Amino acid sequence: MLDGDKMKLGEVLIKHKVITQEQLNKALKEQEESGDLLGESLLKLGYVEEETMYYPILAEHLGIEYIDLKKTEVKPDALAQIPAKYAYYYKVLPLDFQEDVLTIALTNPLDIHIIDGISLVVKSKLKTVLASEKDILEALRKYYGVGAETIDQIMGSVESSESSELGVEDIDDIGSEASVGKLLNQILLEAYKDRATDIHIEPYEKELSIRYRIDGALYDAKVPANILHFKEAINSRIKILSNINIAEKRLPQDGRFKVKVKDIDLDLRVSFLPTPFGESVVIRILNATRLYSLEELGLVKSNLKLLDNMIKSPHGIIFVTGPTGSGKTTTLYSCLSRINKIDRKIITIEDPIEYQMRGITQTQINPRIGFRFKDGLRSILRHDPDIIMVGEVRDLETAEISVQVALTGHLVFSTLHTNDAASGVTRLLDMGVEAYLIASSVQCFMAQRLVRLVCPDCKVAEKISAEVIREFDLLPEEAEGLEVYKGRGCDNCKHTGYQGRQGIYEFLPLSDDIQEMIMSRATAAQIRTRAVEMGMKTLRQDGWEKIKQGMTTPSEVLRVTQEE
């Protein structure tokens, strides 16, 4: 990595069989053209892996200690010695501070310019150790907080004015100028990298909390304490981008704006809510270019075939049921994407529109001006549709119009908030829909939940417990010798043991037997029992199949399914 004695370093790497002579020659040629250091050229060309091979050997070659920052404790008093803006600028991480000696980790411990620069900030003696650049950048975000260097720069030179540009902003292209816009971009970019679906910006009396929702759970996004001074500026920046009234701080407000990360467009939905200490903000992150196919949803083969056949039907209603955040809308979009053909007119009425889909006419309800689901449905029928998606059936009128639409030769998709598939029947009956209309119009009730998947990087097997055997009602022969998996927790999964999510499903097609039970107004429990006798897999049973495949854990399936 260092300029001194390049060929000698290259020979050391060849000796350790890290690279070949041919690779070294190519790296030296690339280095001459780019002006990079030898190590940077080797890393760029993919000839070495920094953590496992290159840096430990480089440290041995230089006679300098190599530190694995993932296993190293960073002392708070050391962090206090170097302000965030200098730590980020020089890419150095202070590790320890004892007896007037500050230990710092950097990627080039012999670079005299970096050492001189840090010496101007720190009056103590410096001890240098080697660490990978990737680890240093991750540690800087972890210990100083997201946007810490930007806040330092803003506070060092308070801006008199904030310029903003409406439209789609490339948040991955964060310029050098410190601004509240740059700070917001860093918060958004960090959330995207962490696979967050929501950002919660919450003001309290003496702090501003920022949390990311990842795989359904909220995690603290470490931010500097002095970000509290910028809460109003951050809110104003979000409002400008979302075209929301900046002066209004007493009423809830909603809006949306778009940003770009590399070639990916992100659609951000924004909600402001007044609190005693300022406005609380929630930003929902929607990947406008990422639609899941039916195969990616986690359906077993039999259910995938069943759903595929149903969505190709010319008429009827398919209801997806489940609580908020269970992935119902994603499933509906996947179904629409599958049948979105040039010869079909598809219209959706939603609250709100989450994904923009080419070839589909989408409209959003607006209750404030009297435009509700039932009003939209009536208008849609005059628009000559083949397929209709109704975001949610909330009342009798919407339910009755949906049924009539299905009976007159249209395919309808919609959602209900119920715990399981069988409860969808009783929900419609409770609304006042006639039993014969449900039996003759509905094709299927489909319940779903999202379960977190075991992190592949820290996955370990364990013996099945007596509690799991009892909860899943397993026979002794089923449980004998069976192993389940869990994640121990690592940096990649934020020490939760989980990474990513997938659906578990419960399909209740309306067979002749189920239709007769609906006509006789059977209870949800009776319908459910009969459906299981006929072969329906419950949510928990579908979850058990994913447990056996090592995809998720028993505790995760038990968490999202009710007792059966």
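**View 1. Isoleucine 201 and isoleucine 210 are bridge partners in the pairing of strands E5 and E6.** This is a predicted model, in which local features need pLDDT of at least 70, side-chain atom pairs count only at pLDDT 80 or more, and totals for chains, interfaces and linings use all residues. Residues are numbered from 1 along each chain as its sequence is written, and side-chain values use heavy atoms, with hydrogens and water left out. Strands (E, at least two residues) are DSSP runs numbered from the N terminus. Two strands pair if DSSP finds at least two bridges between them. E5 (residues 198-203) runs antiparallel to E6, with 6 bridges, and 4 residues lie between the two strands of this hairpin.

**View 2. Strand E6 also pairs with strand E7.** The pairing of E6 with E7 (residues 217-220) is antiparallel and has 4 bridges. Arginine 213 has leucine 218 of E7 as its bridge partner. The hairpin has 2 residues between its strands, and aspartate 215 takes a positive phi near 55°.

**View 3. Strand E6 is largely enclosed by the rest of the structure.** The strand covers residues 208-214, and 5 of its 7 residues are buried (under 20% relative accessible area with a 1.4 Å probe, protein chains only; exposed is over 50%, partly exposed in between).

**View 4. Cysteines 444 and 458 are buried.** The structure holds 0 disulfides, a disulfide being a pair of cysteine sulfur atoms within 2.5 Å. For cysteine 444, the nearest cysteine sulfur is that of cysteine 335, 10 Å away. Cysteine 444 has a relative accessible area of 0%. The sulfur of cysteine 458 has its closest cysteine sulfur in cysteine 455, at 3.8 Å, which is too far for a bond. Cysteine 458 has 3% relative accessibility.
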